[in-house]
Amino acid sequence: MTTSTFYLSPSEAAQKLGLSVKTLRIYEQRGLITPRRTEVGWRIYGPSEIERAGEIVALRALGFSLAQVAHVLDGDLQELEPTLAAHQGDLRTQLGALADRLERVRALRGEIANGRALTAGVLTKMMASDAPEVAFDLPWPWGGERFKLHALRPLTYIVGPLGCGKTRLAQRLADALPDAAFLGLDRLEDGGQAIRDRLEDDPELARRVEHTLAWLSEEGGAPSDALTTLVVALESQRPAVLVVDMIEQGLSQATQEALMVHLRARPGRRPLIMLTRSSLILNLAEVGPEETILFCPANHSIPSIVLPHPGAPGYESLASCLASPEVRARTAGVIAWRPQVA
């Protein structure tokens, strides 16, 4: 037999398949592929051998061992589903680790944007796997799974559909973080009287609140008790971390837009955790390196970080939970039913 353009040498076949010649030899030794031979005994690979080798490469990429590859190629598909399930789990773990590393790189970019000089030691410390984190067991409706959040950013969003448990996650974060407080939807139940009394008792706080409200007004924000209550919480010296339930509650479209400009530019940048379903509060195209998105799935899987890039794991589900203020107004006052928990 003589070689032609339809047959490849071992090195040519390996290059075409993205393998090494040694790997091809291993496949041959395990009986997975049998190359043809020239008249003088040299190995060559024709179209059928290349196709067979391509199938082996695909199965190996899906996590199959060589023994399992042999079974599948022989038509035995019993191990197909459990092997794919295990490989899916491995990929999810890898995606989680990748998301974590991407978050840390974004944090480094944020440090650079703020003018911090990053030495090799600082870079090493911030990228280390033992970075500071908040960790706790998730409450109902989860099953007590462990939740971890690395390096709390200045802005963190919690998003999810109705009934996903995002409010309980936010409350648990407020409990777990040192010197944190949860600002719930009951913040306007007294018509803002408690806020007005507080401002009267604290002239310095009143001055800061007045300044911020004036700035927001110049940016198009509309005055309201909801906005004043929120600004008072933001301008207070404590807590060190503020967790706000549905931060867009009672705010107009223009006010939400002005608020986000302020939150990204505010001095100090103490951590703020916001529950939201507003596409103006969480504009995915404007998320910066100092912002984190936590998504709570409807099926009560463990909340996860979602990167603000189309194609990222969870991105489409996240985007489907966000809507404009006009659309959000249609479900104003709607709450998810949940059973009594003993």
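Student: Which residue follows α4, and what is the sign of its phi?

Tutor: That's Gly-75, with a positive phi near 95°. Before we go on, keep in mind that this is a predicted model: local features need pLDDT of at least 70, side-chain atom pairs count only at pLDDT 80 or more, and totals for chains, interfaces and linings use all residues. Residues are numbered from 1 along each chain as its sequence is written, and side-chain values use heavy atoms, with hydrogens and water left out.

Student: What counts as a helix or a strand here?

Tutor: Both are DSSP runs, numbered from the N terminus: helices are H or I with at least four residues, strands are E with at least two. Helix α4, for instance, covers residues 66-73.

Student: Which residues of α4 are buried?

Tutor: First, the scale: buried means under 20% relative accessible area, exposed means over 50%, and partly exposed is in between (1.4 Å probe, protein chains only). In α4 the buried ones are Leu-66, Gln-68, Val-69, Val-72 and Leu-73. Looking down the axis of α4, you'd find them within an arc of 155°, so they line one face of the helix. That arc is taken from the directions from the helix axis to the C-beta atoms.

Student: How do I recognise a salt bridge, and how many are there?

Tutor: Look for a side-chain nitrogen of Lys or Arg within 4 Å of a carboxyl oxygen of Asp or Glu. By this rule the count is nine. Take Arg-207 and Glu-204, which meet at 2.7 Å, N to O. They sit three residues apart in helix α9, so about one helical turn separates them. Arg-207 is partly exposed at 46%, and Glu-204 is partly exposed at 40%.

Student: Which salt bridge links distant parts of the chain?

Tutor: Try Glu-291 and Arg-264, whose closest N and O atoms are 2.7 Å apart. Here Glu-291 belongs to strand β9 (residues 291-295) and Arg-264 to helix α11 (residues 253-265), 27 residues apart. Glu-291 counts as buried because its relative accessibility is 4%, while Arg-264, at 23%, counts as partly exposed.

Student: Which residues are joined into a network by shared partners?

Tutor: Glu-28, Arg-37 and Arg-43 are joined into one network by salt bridges that share partners. Within it, Arg-37 pairs with Glu-28, with 3.7 Å between the closest N and O atoms. Arg-37 is partly exposed, at 39% relative accessibility.

Student: What makes a surface patch?

Tutor: Its residues have over 30% relative accessible area and no salt bridge; like charges are joined within 9 Å, and nonpolar side chains (Val, Leu, Ile, Met, Phe, Trp, Tyr) within 5 Å. Accessible areas come from the Shrake-Rupley method with a 1.4 Å probe, and for residues only the protein chains shown count as cover. Leu-95, Leu-98 and Leu-102 make a nonpolar patch, with about 250 Å² of accessible area together. Leu-98 is in helix α5 (residues 80-113) and is partly exposed, at 46%.

Student: Which residues gather in the negative patch?

Tutor: Asp and Glu count as negative, Lys and Arg as positive, and His and the chain ends aren't counted. Each charge is placed at NZ of Lys, CZ of Arg, CG of Asp or CD of Glu. The negative patch holds Asp-186, Glu-189, Asp-190, Asp-197, Glu-200, Asp-201 and Asp-202. Of these, Asp-201 lies in helix α8 (residues 193-201), and at 66% relative accessibility Asp-201 counts as exposed.
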